[in-house]
Amino acid sequence: MTRIAAVDCGTNSIRLLISDVTRTSNNSAGFSTNEVTRRMEIVRLGQSVDATGELAPEAIERTRAALSNYVAIMKFENVEKVRMVATAAVRDANNSEEFFAMTAELLGEVEDGVQAEVISGVEEAELSFLGAVQDLSPDAGPFCVIDLGGGSTEFIVANKGEEILGAHSAAMGCVRITERMMPSDPPSETEVEIADDFVAERMGEVEKLVPIEQARTVVGCAGTFTTLSALAQGLEQYDPEQIHGSVLRFAALRVLLQQVIAASAATRAQNPVIHAGRADVLGGGAVAVRGIMDMLERRSGAREFVISEKDILDGVIWKLAGTLPA
């Protein structure tokens, strides 16, 4: 058995997954994984990146503090190998050298020579797909996995375990939409209209590049989707077991999205299932989801999302496990 870790540093959050990998002959992969611990902190690394093109010093320091804590957990749990991926915020920043130096310093305490690596939008989509469909039956495919992040949203269509039919990383996310188009709290009608138009433009790109019409099952993953599921279910506290595999039907979801968009950040933050660091950008995420639904209704027969708590972190773990010696 080998204990490995994955760290995903996005625009809004930094997350950790530690898993045990065991060699087995029970599946085609030749190994099985077992989750040890999963953590998430909102650090807003992408603060103002869309406007300035640079990572803010205070955002790097918030990320340093969170990663330092994760490294302490990895050392306590005797992690042997680690991979850290960085996505939209770092891809878009002109001054990422300090960020990479910081990650090399900290991750080097776990495994020599490791630092964060920026992955492309397509690889981000592939890893998200790999993680998101792990618990779904192949019979429900082809799948369209949608990973809605802070700075970008990945779309990928494929059958489980088969070649990708199409993938695209759209330059939209809950933080980007909020900072660029919905700065008022709550947003004005004009701001929401501008945001709707922006999302519609991005969806036009997706329609051209990804065969959405081939998907039988649409899977939504990451914080906006999982939080919306918690709200739709009326949960009194965030419960991953209740959220994973839940279904959000478009007709009812539209009503919820309008309520989320119209609410102030303070009002959203009063709900215990909404993380304090997500309350101010959930409206932007809701606008994105609304535009995604519009596109799906045009291009396919989809009328619901299946929500997955598994995502890029699980994909990174699976890929890393596959590199271990037999």
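Which residues of helix 8 are buried? In this predicted model, they are Gly223, Thr224, Phe225, Thr226, Thr227, Leu228, Ser229, Ala230 and Leu231.

## Helix 8

Helix 8 covers residues 223–233, and 9 of its 11 residues are buried, so the helix is largely enclosed by the rest of the structure. Right after helix 8 comes Gly234, whose phi is positive, near 70°.

## The five-stranded sheet

Let's turn to the sheets. One of them is an open sheet of 5 strands, arranged in the order 3-2-1-4-5 with mixed pairing. Strand 3 (31–42) and strand 5 (117–118) stand at its edges with a single partner strand each, so one side of each has no neighbour in the sheet.

Strand 2 (13–23) is a good one to trace on screen. A hairpin of 3 residues links strand 1 to strand 2, and these two strands pair in the antiparallel sense over 8 bridges. Here Ala5 stands opposite Ile18 in strand 2. Strand 2 also pairs with strand 3, again in the antiparallel sense, over 11 bridges, and Leu16 stands opposite Arg39 in strand 3. Strand 2 is mostly covered, with 9 of its 11 residues buried.

Elsewhere in this sheet, strand 4 (residues 81–86) pairs with strand 5 in the parallel sense over 2 bridges. Ala86 has Val118 as its bridge partner in strand 5. Helix 2 (residues 57–76) lies across strand 1 (2–9), strand 2, strand 3 and strand 4, and runs at about 20° to strand 2.

## The six-stranded sheet

There is also an open sheet of 6 strands, in the order 8-7-6-9-11-10 and with mixed pairing. Its edge strands are strand 8 (164–170) and strand 10 (247–249), each of which pairs on one side only. On average, neighbouring strands of this sheet are turned by 20° against each other, direction ignored.

Within this sheet, strand 9 (residues 217–221) and strand 11 (residues 304–308) run parallel and are joined by 3 bridges. Cys221 stands opposite Ser308 in strand 11. Helix 7 (residues 189–209) packs on the sheet, where it touches strand 7 (153–158) and strand 8, and its direction makes about 160° with that of strand 8. Helix 10 (residues 250–262) packs on the sheet too, touching strand 10 and strand 11, and its direction makes about 80° with that of strand 10.

## A buried arginine

Is Arg290 buried or exposed? Its relative accessibility is 14%, and the cut-off for buried is under 20%, so Arg290 counts as buried. Arg290 is found in helix 12 (residues 282–299). Leaving aside neighbours within four places in sequence, Arg290 is in contact with Val192, Asp196, Arg254, Leu257, Gln258 and Ile261.

## The cavity

How many cavities of 30 Å³ or more does a search of the whole structure find? The search finds 1, and the largest cavity has a volume of about 70 Å³. It is lined by 11 residues, of which Thr11, Val49, Asp50, Gly151 and Arg176 are the closest to its centre.

At least two lining residues come from each of helix 1 (49–52), helix 3 (88–92) and helix 6 (174–181). Sorted by class, the lining of the largest cavity holds 4 nonpolar, 3 polar and 4 charged residues.

Methods
Residues numbered from 1 in each chain as written. Predicted model: local features only at pLDDT ≥ 70, side-chain atom pairs only at ≥ 80, totals over all residues. Heavy atoms only, no water. Pairing = 2+ DSSP bridges. Helix = DSSP H or I, 4+ residues; strand = E, 2+ residues; numbered from the N terminus. Contact = heavy atoms within 4.5 Å. Axes fitted to C-alpha atoms, helices over the stretch in contact; angles between N-to-C directions. Buried < 20%, exposed > 50% of the residue type's maximum accessible area, 1.4 Å probe, protein only. 1 Å grid on protein atoms, 1.4 Å probe; cavity = no way out; pocket = protein on both sides within 12 Å on 5 of 7 lines; lining within 4 Å. Points joined across faces, edges and corners; volume = space filled by probe spheres on them. Nonpolar A, V, L, I, M, F, W, Y, C, P; charged D, E, K, R; others polar.
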